[in-house]
Amino acid sequence: MFKHQTKYFTTPIFYVNDAPHIGHAYTEVAADVLVRWHRAAGVDTRFLTGTDEHGQKILRTAEANGASPKEWVDRLVAQEWRPMLENLNIANDDFIRTTDARHEAGVAKFLQRLYDKGYIYEGEFEALYCVGCEEFKPKSEIVQGAAEFTGHKVCAIHSKPLELLQEKNYFFKMSAFQDRLLELYERRPDFIQPASARNEVIAFVQQDLTDLSISRNTFNWGVPIPWDESHVTYVWFDALLNYITALEYSTSVVGDEPGSVALAKYWPAVHIVGKDILRFHAVIWPAMLMAAELAEPECVFAHGWLLVGGEKMSKSKLTGIAPHEITGTFGVDAFRYYFMRAINFGQDGSFSWEDIAARYQAELANGFGNLVSRVLAMNAKYFDAKQPESGDLTGADKQISELAARVTSLANEHITKYAIHEAIAVVWQLVDVLNGYITEQEPWQLAKDEAQRVRLATVLATATEGLRVLAQLLAPVIPEAAAKLWRSLGAVAVLGELSEQNIAAAGQWHKLPAGTPQEALPALFPRVEMAAGVKK
RNA sequence: GGGGCGUUAGCUCAGCUGGUUAGAGCAGAGGACUCAUAAUCCUUUGGUCGCGGGUUCAAGUCCCGCACGCCCUACCA
């Protein structure tokens, strides 16, 4: 089921100048769910995220705020980005900053290597440059300015005047890798996922690649080019390298150089990215790795956009939403659950306050939360808050245990294909069926007849085992609620910490010994007054 | 201009290599029950599968064209 011994997941590093919004949070949560699941399946899994801190745009905003660039990025990392990860319960192993010494050393080493191999050359470059985009603009994105910018050429995205830059630049010979890239896409159909993303990339690469300008010399906030310190590295070229510099690339084994084993152990990675930056990850990055004779990524998975009112969420249209707006109302687990469940991972998905409110109530509060409440309440009422001792299983009971096993197997299978939404949907079958099972078995009726004592115990033992399975299977998605449930079931004492459980074996039955004391548990997903959220 | 993706019940979406009366969840309607977060369970209303052709014994599911939406890319200028 999980074939790899090790797994390395990454998300893009955040451009610190941006304000965190639910798009960033979505990427992190998705990667985090995959990571937690793989870890729980016994795979040695590494999870990296971090921040992208170089470039002219950051330099300028720092200056505008009267700070040095380093002071500025330090502040944003500490006040915006790390808190976002903490708030979302992201369990990353590492947090790399492109201003880290280990990163800058790795970038320098990588550049020197490509230079020595002849993949970098000096050239002249003259083009219109947009500071906002951090890039030279293709003609398609250059438009005539309006209003105060009439007569100027402006960027189609930022509507601000472009600057004509003439530079001596260093170029990366990306064009040399066109055939090898196409061969890679052909040989490994899963390299770019989903298939729609793969199609786009192939079409793009078939149209001929141009070499990439990878240095700037008009400002100095960046990683110096090792052989020409009057230049700094282009921010994207710098940023992509974080995926290996975090694995101690600067001291690792490449060719015949001795060093760290982190790279050898974890590389190549599964890159989870938004589809807007797919090309950087599926074209430029593999070409860079080929040039350096490093393995290409295991996979580049492009997820979709969050649509608000049918349009891509954006700050400029005031549809940008900060994660804490949602977590503040519904909680972190609900945030994680909602985006993972409601959106097909890999496709665009609609977000609305009405939708999250409806799903919170129907699925988390009434479905799962209430299931937990009713089972624990009956255990407390009829069995003194202890795990009941199961008698012989009837057909109905066996259906539950069999479903638990089947659901465990299917969910794990879906995760290996990164189909997070499918995995959750499958697990949720157990939630729904358990609610039906309890209603049909009517334990409250059994309780009225002393002769049915064993049957009552069997029903509640079965339902409680079901909760135990759910705690394990849902732990990657809703870690806080799952941990509370695990503790409440008394499972910590008899089975150990939830994080130590093997998720691939969650479906095994009769794990909770009879008599295990349980603890009362307040509602996991209490009803939320929607008014405030819906009006928003 | 070239290309990609999408268009299925009020809403959000499933429908793999074409094959029984097109599905789910939510919302709506009716009923049952009381362990539980006025929760749960059962039943049920609801669709010309964007439009028009074609292939086939048979098409939501393949082919062609068109419309609309989003995206990538190019160019005229």
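This is a short conversation about reading a predicted model of a protein chain with an RNA strand.

Visitor: Where do I start with chain A? How many helices and strands are there in chain A?

Guide: Begin with the secondary structure and the burial. Chain A has 20 helices and 19 strands. Of its 536 residues, 55% are buried. Then look at the contacts along the sequence: among those between residues at least 6 apart, 76% join residues at least 24 apart.

Visitor: Now the core, please. Which residues have the most contacts inside the largest nonpolar core?

Guide: A nonpolar core is a set of buried nonpolar residues joined through their side chains. The largest one here has 176 residues, and Phe 172, Phe 237, Phe 339 and Phe 368 have the most contacts inside it. Helix 13 supplies the largest share of this core, 14 residues.

Visitor: Take Phe 368 as an example. Which residues is Phe 368 in contact with, leaving aside neighbours within four places in sequence?

Guide: The list includes Trp 428, Val 431, Leu 470, Leu 474, Ile 478 and Leu 485. Glu 363, Leu 524 and Phe 525 are also in contact with Phe 368.

Visitor: On to the RNA. Which residues come nearest to RNA strand B?

Guide: There are 33 residues around RNA strand B, and the nearest are Arg 279, Gln 347, Gly 369, Asn 370 and Thr 439. It helps to ask next which part of the RNA faces the protein. Of the RNA strand B atoms within 4 Å of the protein, 75% are sugar or phosphate atoms, and the rest belong to bases.

Visitor: Which helix gives the most to the surface near RNA strand B?

Guide: Helix 13 does, with 11 residues. Helix 13 (353-383) is one of four helices that each supply at least two residues, alongside helix 6 (195-206), helix 15 (420-441) and helix 16 (443-446). Sorted by class, the surface near RNA strand B consists of 15 polar, 11 nonpolar and seven charged residues.

Visitor: And individual polar contacts? Which atom of RNA strand B lies 2.7 Å from a polar side-chain atom of Arg 374?

Guide: For each contact, check which part of the residue and which part of the RNA take part. The partner of the Arg 374 side chain is a base nitrogen of RNA strand B, at 2.7 Å. Leu 524 uses a backbone N or O atom, 3.4 Å from a base oxygen. Asn 435 also has a backbone N or O atom in play, 3.5 Å from a sugar or linking oxygen of RNA strand B. Notice that Leu 524 has appeared before, as a contact of Phe 368.

Visitor: How do I read one face of a helix? Why do the buried residues of helix 2 line one face of the helix?

Guide: Look down the axis and see where the buried positions point. In helix 2 (residues 56-64), the buried residues are Gln 56, Ile 58, Leu 59 and Ala 62. Viewed down the axis of helix 2, these residues fall within an arc of 165 degrees, so they line one face. After helix 2 comes Gly 66, with a positive phi near 65 degrees.

Visitor: Let's compare two neighbours in sequence. Is Gln 441 buried or exposed?

Guide: Gln 441, in helix 15, is buried, because its relative accessible area of 18% is under the 20% cut-off. Beyond its neighbours within four places in sequence, Gln 441 is in contact with Ala 396, Leu 446, Arg 455 and Val 459. Glu 442 sits in the loop between helix 15 and helix 16 and is partly exposed, with a relative accessible area of 34%.

Visitor: What is phi of Glu 442 near?

Guide: Phi of Glu 442 is near 45 degrees, a positive value in a residue other than glycine. His 510 is another non-glycine residue with a positive phi, of about 55 degrees. His 510 lies in the loop between helix 19 (491-495) and helix 20 (531-535), and is partly exposed at 49% relative accessible area.

Visitor: Last topic, the peptide bonds. Which residue does a cis peptide bond join to Pro 194?

Guide: Read omega for this. Gln 193 is joined to Pro 194 by a cis peptide bond, with omega about -10 degrees. Pro 194 is in the loop between strand 10 (192-193) and helix 6. The bond from Trp 267 to Pro 268 is cis too, with omega near 10 degrees. Pro 268 falls in the loop between helix 9 (262-266) and strand 15 (270-274).

Technical notes:
Residues are numbered from 1 along each chain as its sequence is written. Chains are lettered from A and ligands numbered from 1 in the order in which they are written. This is a predicted model: local features need pLDDT of at least 70, side-chain atom pairs count only at pLDDT 80 or more; totals for chains, interfaces and linings use all residues. Side-chain values use heavy atoms; hydrogens and water are left out. A residue is near a molecule or strand if one of its heavy atoms lies within 4 Å of it. A polar contact is a pair of N or O atoms within 3.5 Å; within protein, one must be able to donate a hydrogen and the other to accept it, and residues adjacent in sequence count only if both atoms are side-chain atoms. Ala, Val, Leu, Ile, Met, Phe, Trp, Tyr, Cys and Pro count as nonpolar, Asp, Glu, Lys and Arg as charged, and the others, Gly among them, as polar. A nonpolar core is a set of buried Ala, Val, Leu, Ile, Met, Phe, Trp, Tyr and Cys residues joined through side-chain atoms within 4.5 Å. Buried means under 20% relative accessible area, exposed over 50%, partly exposed in between (1.4 Å probe, protein chains only). Contact means heavy atoms within 4.5 Å. The arc is that of the directions from the helix axis to the C-beta atoms.
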